[in-house]
Amino acid sequence: MLGLATPFKTQNYGTKLQAYAMQSIFTEMGYDTEIINFTYISSKKDKLATLLSPKKLAAKIKYKKSQKGTAGNAEYSKCMAQRNAGFDNFVNQNLRITRNFLSLSALKEYSKRYDAVICGSDQIWLPVHIQQQYYTLSFVPKGTRRIAYAPSFGISSVEKADESLYKSAINGFDSLSCREMSGYDIIKNLTNKEAQLVLDPTLMVDKKIWDKMSGSTPKVDGEYIFCYFLGKNPEHRKKVRKLAEKTGLKVVCLPYIDGYTESDNGYADLALYDIAPDGFVNLIKNAKYVCTDSFHGSVFSTIFERQYFVFERFAQGTKGSTNTRLESLLKSLGLEYRQIKDSELADEWDGKLNKTIDYTQVQARLEKLKAHSAEYITAALDGILPAHEKHIKLYDKHDCCGCSACADKCPVKAISMKPDSEGFVYANVDESACIGCGACIKACPIKQFKKGTAEFSAVAAYSKDENIRHDSTSGGIFTHLAKAIISNGGVVIGAAFDENFGVKHIAVDNIDDLKKFRSSKYVQSNTQGIYKETKALLDNKKTVLFSGTPCQIRALKSFLGKDYENLITVDLFCHGAPSPKIWNKYLEFANANNEHIDSISFRDKRISWENYSLTIKYKDHEKSAFWKDDAFARGFGFSLFNRPACSTCRLKSFPRISDITLGDLWLIQQIFPDLDDHKGISFVLLNNEKGKRLFNNIKSEIFFRDIPKEKLRLTYPVMGTPTKAHPNREAFFNRLDTVPFDELVFKYATVDKKREFKIKRNKVLSKLGILPVLKRLKKML
């Protein structure tokens, strides 16, 4: 297995696309590959060093001044919110990422699973990164190969004070390469080692992959000039306007790429915000001309054989300039003449336009460089064979969602689902019975992650039947969808209570039993056997409506291995899954007298939809508590005892692979305030035509209103991101078997104490008139 230490968090297009490319290179070779998620936490010593260093302090003040335009700028805020949502969704949909590590020591233990760890690419060997030691792979245990692929120093020389640090870090690698000649020279001068020059990973990925990712429909109609500037030079924008006047083409740009940039305002005919990395590639491949000062803007212009012009992001001689990486790229492709130096800005466009790029020569050069880079990768991985695992293996609990699809799929019943100390089930393989067919791996929704492709539409809806709406968690839409299926001879499968109020997936084929599915069950459902049962029904031509969490829907799809026209899937906006053990602990506490329970409602709406209670009804009385006052509901709401995989889940990212997605439309006040009667509104996503057809069948029974795309942005992005585990989760589970359940929950299901302290402190400082002064000082720093 390979681990990749590659940047992916920075919200820019190049970072996301190079991470995707790094992952693609090795997965295409057959290696089981994942991107390591590490967050460097600045120590008090680091912060103090910044304050005491005139150089670092000056750089920080300069950056703060450059961002003054962001304060109160609604247009900039709108741009960032839309773009960041696209970035986050791209990561969730396309990158396989580990859980987040906050220390190198924890990462060192985790990294024992790898055959090799590869760092690269982009500017990962800047001085600040060398000091943090992550991109130098200092955490990699002995015996695990350390490989550098296409790292960039981002600088042309190393300062004297940093030389020993660089030398020590570079000497620790088993295989060395770099992206630019300047990097080769640095390595040679410091260590006397010869690194191999290799291509940026984005150039190593087959053009067909980029073409498929970016879609076949152009983001912009007609011919246009696409501008992608990271720098802030207004003269570059003026030069582009002259090109527009010369050619008669419109200018399309992505504004504010590297923070608020005043010169981005108004120079383009069309400024786009809602563009994810795949959309960025789309804009380049369909452009008539591309104007950029970006390395990856130039890379993708080359891949799609565009006529492009490269501007100088930094003026010649600027300290900290990263122009060398672009100059190195252009030189390697024989395209130095595509650069427009600042001294040439006043020149007419005729000379540049008359000299077009001969891509026959460029591609010939590129193929040689690709072959050279591929040889380096092959040599670096020599002796490490692509993994062909015979059965599913669990290296980390964050890699298992507990769906049980692997156990259902095993043809020889060699897999059983066993609970751990927290009560969550995991696959247990009987090695003696396993035949090595790999069926379990193919059924795993995490290992076989598939991207959704459809553009969804959204609806606010609720049942016209007051009883259905009252008994349902939100608006009661699922009941109507299920009735439509059963009325036509179909079967509905979903989560229901058993006789002991455990939660399991069952199948029903009569309308009276639909009440078993009504209202949410905030416990991980037992799904063992349900995938086999579903397949049997589908193969017998029964129409099946299968509902569950996003991981359960993906598990079903992976288990089946093909599409069924008679299958309709409905998933949920999922907050996470507590274990059956937690639920049983709660029932022991809540029902201490062991009375017969008639019913349980996790979301009793009698007070209101927003102020719900958890209610347990007995024969002649009930127990009901507002969610924050109930031990189970509070712990669930605070994400105290969710499954580990929930905190890193990408299975609920958008677009979904289900036909319909259901949830609560909590932001109804911001979207449709006139609909908010506090009785519950369903948030309905129709993810494809199959989902839309079923929804059309129930329209006479419900009230609904389409949600405009601009309002949809208020709510759906957060629904697709993982639910962060409570910081007290580990402490809670460590004491679960020794401390009463309610006492434990109320001790640990709390808001952040540091945040509470800051709020109280700021109130005091504000009354004393000190807070505004401190805020001004902070801005200066």
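**A guided reading of the predicted model**

In strand 18, lysine 504 is the residue that alanine 496 stands opposite. This pairing is a convenient point of entry into the structure, which is a predicted model. Strand 17, covering residues 491-497, runs antiparallel to strand 18, and 6 bridges join the two. In general, the strands of a sheet pair through backbone hydrogen bonds, and the pairing may be parallel or antiparallel.

Strands 17 and 18 belong to an open sheet of 8 strands, whose order is 18-17-19-20-24-25-16-26 and whose pairing is mixed. The edges are held by strand 18 (503-508) and strand 26 (702-706); each has a single partner strand, so one side of each is left without a neighbour in the sheet. From one strand to the next, the twist of this sheet averages 25°. Helix 26, formed by residues 689-696, lies across several of these strands, namely strand 16 (457-463), strand 19 (544-548), strand 20 (567-572), strand 24 (660-664), strand 25 (682-686) and strand 26. The direction of helix 26 is at about 130° to strand 25.

A second open sheet has 6 strands in the order 10-9-8-11-12-13, and its pairing is parallel. Its edges are strand 10 (270-271) and strand 13 (339-340), each with a single partner strand, so one side of each is left without a neighbour in the sheet. Within this sheet, strand 8 (residues 224-228) and strand 9 (residues 250-253) run parallel and are joined by 4 bridges. Two of the bridge partners may be named: cysteine 227 is paired with cysteine 253 of strand 9, and phenylalanine 226 is paired with valine 252 of strand 9.

How many residues of strand 8 are buried? The count is 5 of the 5, so strand 8 is largely enclosed by the rest of the structure. In a regular strand, side chains alternate between the two faces of the sheet. Strand 8 presents Tyr224, Phe226 and Tyr228 in one direction and Ile225 and Cys227 in the other, and all of them are buried.

Two helices cover parts of this second sheet. Helix 12 packs on the sheet and touches strand 8, strand 9 and strand 11 (289-292), its direction making about 135° with that of strand 8. Helix 13 (residues 295-303) lies across strand 8, strand 11 and strand 12 (307-311), and it runs at about 165° to strand 12.

Histidine 296 is found in helix 13. Is histidine 296 buried or exposed? Its relative accessible area is 5%, and because buried means under 20%, histidine 296 counts as buried. Apart from its neighbours within four places in sequence, histidine 296 is in contact with Gly14, Gln18, Asp122, Arg179, Asp200 and Thr202.

Helix 12 also meets another helix. Two packed helices are described by the angle between their axes and the distance between the axes. For helix 10 (residues 207-214) and helix 12 (residues 277-285), the angle is about 110° and the axes are 8 Å apart. That angle makes helix 10 roughly perpendicular to helix 12. Helix 10 contributes Trp210, Asp211, Met213 and Ser214 to the contact, while helix 12 contributes Asp278, Val281, Asn282 and Lys285. By class, this contact of helix 10 with helix 12 has 3 nonpolar, 2 polar and 3 charged residues.

Tryptophan 210 leads from this helix pair into the interior. The largest nonpolar core has 66 residues, and those with the most contacts inside it are Tyr149, Trp210, Phe226, Leu254, Phe280 and Phe300. Helix 1 (residues 13-28) gives the most to this core, with 8 residues. Leaving aside its neighbours within four places in sequence, tryptophan 210 is in contact with Leu17, Tyr20, Ala21, Thr202, Val205, Val281, Phe300, Ile303 and Phe304.

Two further details remain. Strand 14 (residues 415-419) and strand 15 (residues 425-429) run antiparallel and are joined by 5 bridges, with serine 416 standing opposite asparagine 428 in strand 15. These strands form a hairpin with 5 residues between them, and glycine 423 in the turn has a positive phi of about 95°.

Lysine 535 lies in helix 21 (residues 530-539). With a relative accessible area of 27%, lysine 535 is partly exposed. Outside its neighbours within four places in sequence, lysine 535 is in contact with Phe559, Leu560 and Tyr564. Lysine 535 and phenylalanine 559 are 24 residues apart in sequence and 8.8 Å apart in space, C-alpha to C-alpha.

Notes:
Residues are numbered from 1 along each chain as its sequence is written. This is a predicted model: local features need pLDDT of at least 70, side-chain atom pairs count only at pLDDT 80 or more; totals for chains, interfaces and linings use all residues. Side-chain values use heavy atoms; hydrogens and water are left out. Axes are lines fitted to C-alpha atoms, for helices over the stretch in contact, and angles run from 0 to 180 degrees between N-to-C directions. Angles under 35 degrees count as roughly parallel, over 145 as roughly antiparallel, 65 to 115 as roughly perpendicular and the rest as oblique. Contact means heavy atoms within 4.5 Å. Ala, Val, Leu, Ile, Met, Phe, Trp, Tyr, Cys and Pro count as nonpolar, Asp, Glu, Lys and Arg as charged, and the others, Gly among them, as polar. Two strands pair if DSSP finds at least two bridges between them. A nonpolar core is a set of buried Ala, Val, Leu, Ile, Met, Phe, Trp, Tyr and Cys residues joined through side-chain atoms within 4.5 Å. Buried means under 20% relative accessible area, exposed over 50%, partly exposed in between (1.4 Å probe, protein chains only).
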